[in-house]
Amino acid sequence: MSTTTTFLGLGAMGSALAKACLDAGRPTVVWNRTPHRAHELGERGATVATTVQDAATAGGVVVSCLFDHRSVHDVLDPVADLLTGRTVINLTTTTPHEARELAGWADERGISYLDGAIMAVPEMIGGPGAAILYSGSATVFDRYRTLLDLWGESHYYGSDAGLASLHDMAMLTGMYTMFAGFMHGAAMIAAEGGSIRSFAERAAPFLAAMTEGLADLATTIEARDYDGEGQQSLKFTETALAALLRASVDAGVNVEVLKPVHDIVRRQIAAGYGKQGTARIFEELRSPQARR
Ligand code: NDP
């Protein structure tokens with residue numbers, strides 16, 4: 001018999017995680033602040049806890065998937081004593097600093113803590129392409145691996161509880177800025193009355209192909225060598241970005257997304273780095289306190 005899994009938080013994501021657990025035939029307890037969200041899972045066979053105290057004493061491993069860092073404390077603080085000696089896997093999105101704070105909070109109370117960052121939307125949970133990044137207790141990761149693997153590919157980043165969130169937030173930064181760039185392109189197409197759908201169909205494989213270059217960029221940045229062979233120079237990139245800006249302005253498109261990229265490139269050229277690779281903009285973005 002598998003260990004009971006108790007879910008705290010049955011929003012879109014918490015419900016998807018609990019459903020995957022039920023589909024695997026595992027004993028599942030669910031609790032949500034607003035009770036009606038537990039009904040469907042109850043009908044599928046979950047035990048519905050009416051209070052968070054009942055949920056916390058149901059035994060097994062506790063999985064929290066709440067709104068944010070604050071709501072994790074709102075839910076866990078009142079039942080902290082009941083969780084001593086137990087395991088909490090927190091899949092709520094938090095910053096690295098917040099994840100480390102929660103790990104410290106758990107440690108002080110004798111609670112084993114694993115932090116998770118979900119790289120999927122609820123519909124993807126349990127299916128291809130879903131991944132969850134973990135950091136914190138390696139013992140918890142190893143012990144509950146079968147459970148974790150029900151939701152998606154499980155990747156462990158290390159004992160520092162902030163690392164899963166760090167990688168999540170770094171990837172989401174890339175995703176949101178890329179989507180903003182897509183919206184800019186869509187606005188250009190719309191200005192000429194074109195089909196945004198057909199634009200999207202062409203853009204998706206093009207952008208996917210472009211991401212093949214990320215590994216080379218990583219090599220360049222890690223070496224901090226912007227003079228190496230085959231790099232697209234800042235000067236070349238500036239000319240391309242200037243053309244994109246002119247086309248956007250001609251079309252009456254707002255350039256708030258694109259212009260800051262051009263500004264950084266121009267500053268780098270003004271500082272004398274025009275012949276160096278465009279990856280050099282990393283030097284302007286990186287934190288002065290960067291550890292590497
Ligand atoms: P929802 O908004 O659907 O659900 C939020 C959940 O948090 C609800 O169960 C809500 O309870 C609960 N909650 C909020 N505040 C409190 C509080 N103060 N006390 C008790 N419970 C509270 O969000 P999701 O399920 O979509 O997301 C949950 C987490 O998963 C978030 O951290 C999100 O970033 C992360 N995530 C979500 C993804 C997605 O695509 N949805 C993708 C990747 C990560 P109630 O029903 O009572 O309001």
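## A tour from the ligand outwards

Start at the ligand: by class, the shell around the ligand holds ten nonpolar, eight polar and four charged residues. Keep in mind as you click around that this is a predicted model.

Now select the 22 residues that surround the ligand, and pick out the closest: Gly 11, Arg 33, Thr 34, Phe 67 and Thr 93. Next, colour helix H1 (12-23) and helix H4 (69-76), the elements that give two or more residues to that shell.

Zoom out a little and show the strands. You should find an open sheet of eight, with mixed pairing, in the order S3-S2-S1-S4-S5-S6-S7-S8. Go to its edges, strand S3 (47-48) and strand S8 (153-156): each has a single partner strand, so one side of each is left without a neighbour in the sheet.

Back inside the sheet, select strand S1 (residues 5-8) together with strand S2 (residues 28-31), which pair in the parallel sense over four bridges. To check one residue pair, click Thr 6, whose bridge partner in S2 is Val 29.

Then bring up helix H6 (residues 96-108). Helix H6 lies across strand S5 (87-90), strand S6 (112-119) and strand S7 (131-136), and runs at about 155° to S6.

Time for the whole chain. Colour domain 1 (5-159) and domain 2 (195-285) separately; their centres, taken over C-alpha atoms, are 39 Å apart.

For a last selection, try residues 6-157, which UniProt lists in an unreviewed entry as "domain: 6-phosphogluconate dehydrogenase NADP-binding". That stretch, 6-157, is 38% helix and 23% strand, with 24 Å between its end C-alpha atoms.

Key: Residues are numbered from 1 along each chain as its sequence is written. This is a predicted model: local features need pLDDT of at least 70, side-chain atom pairs count only at pLDDT 80 or more; totals for chains, interfaces and linings use all residues. Two strands pair if DSSP finds at least two bridges between them. Two residues are in contact if their C-beta atoms, placed from the backbone, lie within 7 Å. Axes are lines fitted to C-alpha atoms, for helices over the stretch in contact, and angles run from 0 to 180 degrees between N-to-C directions. Domain bounds come from an automatic or database domain assignment. UniProt positions are given in the numbering used here, feature names are shortened, and annotations may be inferred rather than shown by experiment. A residue is near a molecule or strand if its C-beta atom, placed from the backbone, lies within 6 Å of it. Ala, Val, Leu, Ile, Met, Phe, Trp, Tyr, Cys and Pro count as nonpolar, Asp, Glu, Lys and Arg as charged, and the others, Gly among them, as polar.
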